[in-house]
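Got a minute to walk through a fold together? Have a look at the sequence and the model, then we'll take it question by question.

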Amino acid sequence: MKNRIVWDKGTTTAGDLKGAFGYQYEVLMFATKGAPAIRGKRWPDVWRHMRVSADKLHHQNEKPVPLLEQAVLSMSDPGDTVLDPFMGSGSTGVACLNCGRDFVGCEIDPGYFDVARDRLDAESAQGRMFAGLW
């Protein structure tokens, strides 16, 4: 475990509107084997990216692609493979496509797997990324 990165969403989310303070952040965990160097700029541990607007959400907990691009660019090199074991709607995969990284994603919910597959197929200029998996 190297860092906890605070994602400042720029606004509060719903939740318990009368019994809790509004949630404005999520914590991302940066863990690694060994001691790789951070690529490019050394960012602080608070990253500010606006949430995905409700009318553009593919998943209720969707992360914005620019947030994930920042992580991908900071922690991998072009051609590396990035694993997202909880890929939801595939935002990490989109970030990898945009940043020249390969992507492996897992999703337990068949409906969200289909959303991610369709989204990545639409984003990919290289054809089907999931060929032969079904």
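Q: Which residues of α2 are buried?
A: Keep in mind that this is a predicted model. Helix α2 covers residues 91–99, and seven of its nine residues are buried, so to speak a mostly covered helix. Buried here stands for under 20% relative accessible area. The list runs S91, T92, G93, V94, A95, C96 and C99.

Q: What do the buried residues of α2 pack against?
A: With seven of nine residues buried, α2 is mostly covered. Its buried residues touch both helices and strands, and the partners are α1 (65–75), β4, β5 and α3 (110–123).

Q: Which residue follows α2, and what is the sign of its phi?
A: The helix itself takes in residues 91–99. Next comes G100, with a phi near 75°, and that sign is positive.

Q: Which residues sit on the covered face of β4, and which on the uncovered one?
A: In a regular strand, side chains alternate between the two faces of the sheet. Strand β4 spans residues 81–84. T81 and L83 are on its uncovered face, while the covered face has V82 and D84.

Q: Which residue in β5 is the bridge partner of D84?
A: β4 and β5 (residues 102–105) run parallel, joined by four bridges. D84 belongs to the covered face of β4. Over in β5, its bridge partner is G105.

Q: Which elements do the buried residues of α1 pack against?
A: The buried residues of α1 are V65, L67, L68, Q70, A71, V72 and S74. Contacts between α1 and α2 also turn up from the other side, as the buried residues of α2 pack against α1. For α1, the partners are β1 (3–8), β2 (25–30), β3 (46–48), α2 and α3.

Q: What pattern does the protein follow along the sequence?
A: There are three helices and five strands to place. Reading along the sequence, they come out as β-β-β-α-β-α-β-α.

Q: Why can the protein be called as compact as a globular protein of its length?
A: For 134 residues the globule rule gives 14 Å. The protein is close to that, so it is as compact as a globular protein of that length, with a radius of gyration of 16 Å.

Q: What share of the contacts between residues at least 6 apart in sequence joins residues at least 24 apart?
A: A contact needs heavy atoms within 4.5 Å. Among those between residues at least 6 apart, the share joining residues at least 24 apart is 55%.

Note on methods. Residues are numbered from 1 along each chain as its sequence is written. This is a predicted model: local features need pLDDT of at least 70, side-chain atom pairs count only at pLDDT 80 or more; totals for chains, interfaces and linings use all residues. Side-chain values use heavy atoms; hydrogens and water are left out. Helices (H or I, at least four residues) and strands (E, at least two) are DSSP runs, numbered from the N terminus. The radius of gyration is taken over C-alpha atoms; the globule rule is 2.2 Å times the number of residues to the power 0.38. Buried means under 20% relative accessible area, exposed over 50%, partly exposed in between (1.4 Å probe, protein chains only). Two strands pair if DSSP finds at least two bridges between them.
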